[in-house]
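These are my notes from a first reading of the structure below. I record what I looked up, in the order in which I looked.

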Amino acid sequence: MLVIHNPDHARHAGRQEMFRGRLVPCHEVPARLDHVLAELQRRRFGRLEAAAPDAGLDALLARIHAPRYLRFLERAWDDWVALDPANAALDALPSVWPVRGFRADVEPDNFAARLGLYSFDAGTPLMAGSWRAARSGALTAAQAARAVASGKESSAFALTRPPGHHAGADFFGGYCFLNNAALAAQALREGGAARVAVLDVDYHHGNGTQSIFYERADVLTISIHGDPRTEYPFYLGHADERGAGAGEGCNLNLPLPRGTGFERWLEALDAAITAVRAFRADALVVPLGLDTFEGDPISGFRLKSAAYLRVGARLASLALPTVFCFEGGYAVAEVGVNAVNVLEGFESA
Ligand code: 6XA
Ligand code: ZN
């Protein structure tokens, strides 16, 4: 399997996130990706390539994200430091948001207000290297998708961070800035796949991906996740969200209670696979979060490491050109084994 890696990922290394009234150390750390790389090398799995500059990236970004959001992200760090030079020593975190009844159409001049306009939580610190890292992560996903769309590769793994599935067309949150999986799906579409399915197996609902494709009939979005009544991101991810307009019927949410074990989770995966078949997808994107692991510090499912081999094998039963994009997973010491287990299970099936 081709593995494309984001060489700039470590430029994004947030220090603290807001959790229940206090700042705590970030869970989404560069070491996560390093553990996956180390495990790939230890098992001699995959052909590793670093993402290379690509003139087509900006056009692809503009198909998924709003121009004013991309402009905001690109300038965010300089604007943050311009607010107060002392900010250079701090990560930028929002603290005010335009909820119902406020205006989102007027972009405030005040940077702190803009930070809130384009985000939905205070858990996603933005720092000097975040834009470079996120952009190069998007490139990683796009290149993995293009290699698969061209027919050169039957599958690829985009080893990217920061993660992407919570990022919407014009907002960041949940450690995500650019939606890598959505960009991969769009790149597959533009590379000739008429119908693309995105099957998100991260513990958290892929709200960004859902919202980006909600009214489109050419991309089926499916997410298996902790029930949003109790689990982050809370405000989206219910079973009755089925898509809208032309995209009616093209979104499937499979929320499961906290504490769910592998057998029940696998039933949801089988339901998702049945839906991908019914959609007659030409290609598959898998936002691959490993925070369904029993030892994950911020999540609540109970999958064991060996289960991930079976997850990979089930996904392979679809026999579709497939792009995996690395998402969550915060049991740092085990995230490499769990990720490579999925890929190995997929390839050996
Ligand atoms: C709240 C938890 C964010 C979860 C991020 C994640 N700060 N998403 O893993 O998939
Ligand atoms: Zn997650």
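Entry 1, helix H6. I began with helix H6, residues 180-190, and found it mostly covered, since nine of its 11 residues are buried. I bear in mind that the model is predicted. I listed the buried residues of H6 as Asn180, Ala181, Ala182, Leu183, Ala184, Ala185, Gln186, Ala187 and Leu188.

I then asked which elements the buried residues of H6 pack against. I found three helices, H2 (57-64), H5 (130-149) and H7 (207-213), together with the strands S6 (196-200), S9 (283-288) and S10 (322-326). I also looked just past the end of H6, where Gly192 has a positive phi of about 120 degrees.

Entry 2, strand S10. I turned next to S10, one of the strands against which the buried residues of H6 pack. I noted that five of the five residues of S10 are buried. I checked its two faces separately: Thr322, Phe324 and Phe326 lie on one side, Val323 and Cys325 lie on the other, and all of these are buried.

I looked up the pairing of S10 as well. Strand S5 (residues 155-159) runs parallel to S10 and is joined to it by four bridges; in this pair, Ser155 has Thr322 as its bridge partner. S9 also pairs with S10 in the parallel sense, over five bridges, and there Leu288 is partnered by Phe326.

Entry 3, a patch on the surface. I moved from covered elements to the surface, where Trp97, Val99 and Phe102 form a nonpolar patch. I recorded about 310 Å² of accessible area for the three residues together. Is Trp97 buried or exposed? I entered Trp97 as partly exposed, because its relative accessible area of 32% falls between the 20% limit for buried and the 50% limit for exposed. I located Trp97 in the loop between helix H3 (67-83) and helix H4 (111-117).

Entry 4, the whole chain. I counted 10 helices and 10 strands in the chain. I noted that 56% of its 349 residues count as buried. Among contacts between residues at least 6 apart in sequence, I found that 78% join residues at least 24 apart.

I compared the radius of gyration of the chain, 19 Å, with the value near 20 Å for a compact globule of 349 residues, and the two agree. The C-alpha trace spans about 55 × 45 × 45 Å along its principal axes. Last, I noted that the chain exposes about 14,000 Å², of which carbon and sulfur atoms supply 53%.

Methods. Residues numbered from 1 in each chain as written. Chains lettered and ligands numbered in written order. Predicted model: local features only at pLDDT ≥ 70, side-chain atom pairs only at ≥ 80, totals over all residues. Heavy atoms only, no water. Patch = residues over 30% accessible without salt bridge, like charges linked within 9 Å, V, L, I, M, F, W, Y side chains within 5 Å. Areas by Shrake-Rupley, 256 points an atom, 1.4 Å probe, with all protein chains shown as cover. Salt bridge = Lys/Arg side-chain N within 4 Å of Asp/Glu carboxyl O. Buried < 20%, exposed > 50% of the residue type's maximum accessible area, 1.4 Å probe, protein only. Rg over C-alpha atoms; globule rule 2.2 N^0.38 Å. Contact = heavy atoms within 4.5 Å. Pairing = 2+ DSSP bridges.
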